Amino acid sequence: MKPNLDDVDSKILALLMDDARMPVSTIAKRVGVARTTAIARISGLEKRGVIAGYGLRLNQALYQPAVRAYVGIAVDPRQAGALVSALEKIPEVESLCAVSGAIDYMLTLRCRSTGELDHLLDKIGLINGVRQTSTSIILSKRIDRSPI
């Protein structure tokens, strides 16, 4: 069920996604509401589950591993569950998304070198049910609006 958000809620969420530690007084000023209204709105968003939690976003220039890559995976549908289980055990797997189209899953890998990436791709290719992989190395992020 999609939450019903008005303009004020949307603006508050945008500010918090940019800086989850932004003071409520600053949020209130930028949105154009009273501080108590901003507090109530944020509390309401938390209670309704729109805000699921607050986290830490690392400075990618300082923390980012040397190599990150997107890997598209085509898999035998009968082996999809086994693939997900096998990928859960690989610590270099950053995310796995089921997608539509010619591939079934899009995977993000993070590793220290292209040699490590090559090894991981060989390992993934040997997982039962994997029919094909297609890899693109991430050169840089030009836009990053992700809240995580």
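**Entry 1. H2 and H3.** I began with the contact between two helices, where Val24, Ser25, Ile27 and Ala28 of H2 meet Arg35, Ala38, Ile39 and Ile42 of H3. I sorted the residues of this contact by type and got six nonpolar, one polar and one charged. I note here that the model is a predicted one. Next I looked up the geometry: the axes of H2 and H3, the latter covering residues 35-47, come within 8 Å and cross at roughly 105 degrees. Angles of 65 to 115 degrees count as roughly perpendicular, so H2 is roughly perpendicular to H3.

**Entry 2. H1 and H2.** I then turned to the other helix that H2 meets in my notes. How do the axes of H1 and H2 cross? H1 spans residues 7-18 and H2 spans residues 24-31; their axes come within 10 Å and cross at roughly 130 degrees. The two helices are therefore oblique to each other. I recorded the crossing of H1 past H2 as right-handed. On the H1 side I listed Val8, Lys11, Ile12, Leu15 and Leu16, and on the H2 side Ile27, Arg30 and Val31. This contact divides into six nonpolar residues, no polar ones and two charged ones. Ile27 stands in my list for H1 with H2, and Ile27 is also in the list for H2 with H3.

**Entry 3. The whole chain.** I stepped back to count elements and found six helices and four strands. Read from the N terminus, their order is α-α-α-α-β-α-β-β-α-β. I looked up burial for the chain of 148 residues, and buried residues make up 28%. Among contacts with a separation of 6 or more, 62% come from residues 24 or more positions apart.

**Entry 4. The sheet.** In what order do the four strands lie in the sheet? I wrote down S2-S3-S1-S4 for an open sheet with antiparallel pairing. S2 (93-98) and S4 are the edge strands, each pairing on one side only. From one strand to the next the twist averages 20 degrees. I also noted helix H6, residues 114-125, which packs on the sheet and touches S1, S3 and S4. The direction of H6 makes about 145 degrees with that of S3.

**Entry 5. Strand S1.** I took S1, residues 67-75, for a further look. Why is S1 described as largely enclosed by the rest of the structure? Eight of its nine residues are buried, so the description holds. I checked the pairing with S3, residues 105-111, and found seven bridges in the antiparallel sense. One pair I noted there is Val71 with its bridge partner Leu107 in S3. S1 and S4 also run antiparallel, joined by seven bridges. In that pairing, Ala74 stands opposite Gln132 of S4.

**Entry 6. Arg68.** Arg68 is found in S1. Is Arg68 buried or exposed? Its relative accessible area is 7%, and under 20% means buried, so I entered Arg68 as buried. Setting aside neighbours within four places in sequence, I listed contacts of Arg68 with Glu94, Thr108, Leu109, Arg110, Ile137, Ile138 and Lys141.

**Entry 7. Thr108.** I followed one of those contacts to Thr108, which has its place in S3. At 7% relative accessibility, Thr108 counts as buried. Which residues does Thr108 touch, not counting residues up to four places away in sequence? I found Arg68, Ala69, Tyr70, Glu92, Val93, Glu94 and Ser95. Glu94 is thus in my list for Thr108, and Glu94 is in my list for Arg68.

**Entry 8. Gln132.** Last I went to the S4 side of the sheet, to Gln132, in the strand of residues 130-137. Is Gln132 buried or exposed? Relative accessibility is 52% for this residue, and over 50% is exposed, so I entered Gln132 as exposed. Gln132 and Ala74 are 58 residues apart along the chain, with C-alpha atoms separated by 5.1 Å. With residues up to four places away in sequence left out, Gln132 touches Gly72, Ile73 and Ala74. This goes with the earlier note that Ala74 stands opposite Gln132.

Note on methods
Residues are numbered from 1 along each chain as its sequence is written. This is a predicted model: local features need pLDDT of at least 70, side-chain atom pairs count only at pLDDT 80 or more; totals for chains, interfaces and linings use all residues. Side-chain values use heavy atoms; hydrogens and water are left out. Axes are lines fitted to C-alpha atoms, for helices over the stretch in contact, and angles run from 0 to 180 degrees between N-to-C directions. Angles under 35 degrees count as roughly parallel, over 145 as roughly antiparallel, 65 to 115 as roughly perpendicular and the rest as oblique. A crossing is left-handed if the near helix is turned anticlockwise from the far one by less than a right angle, and right-handed if clockwise. Contact means heavy atoms within 4.5 Å. Ala, Val, Leu, Ile, Met, Phe, Trp, Tyr, Cys and Pro count as nonpolar, Asp, Glu, Lys and Arg as charged, and the others, Gly among them, as polar. Buried means under 20% relative accessible area, exposed over 50%, partly exposed in between (1.4 Å probe, protein chains only). Two strands pair if DSSP finds at least two bridges between them.
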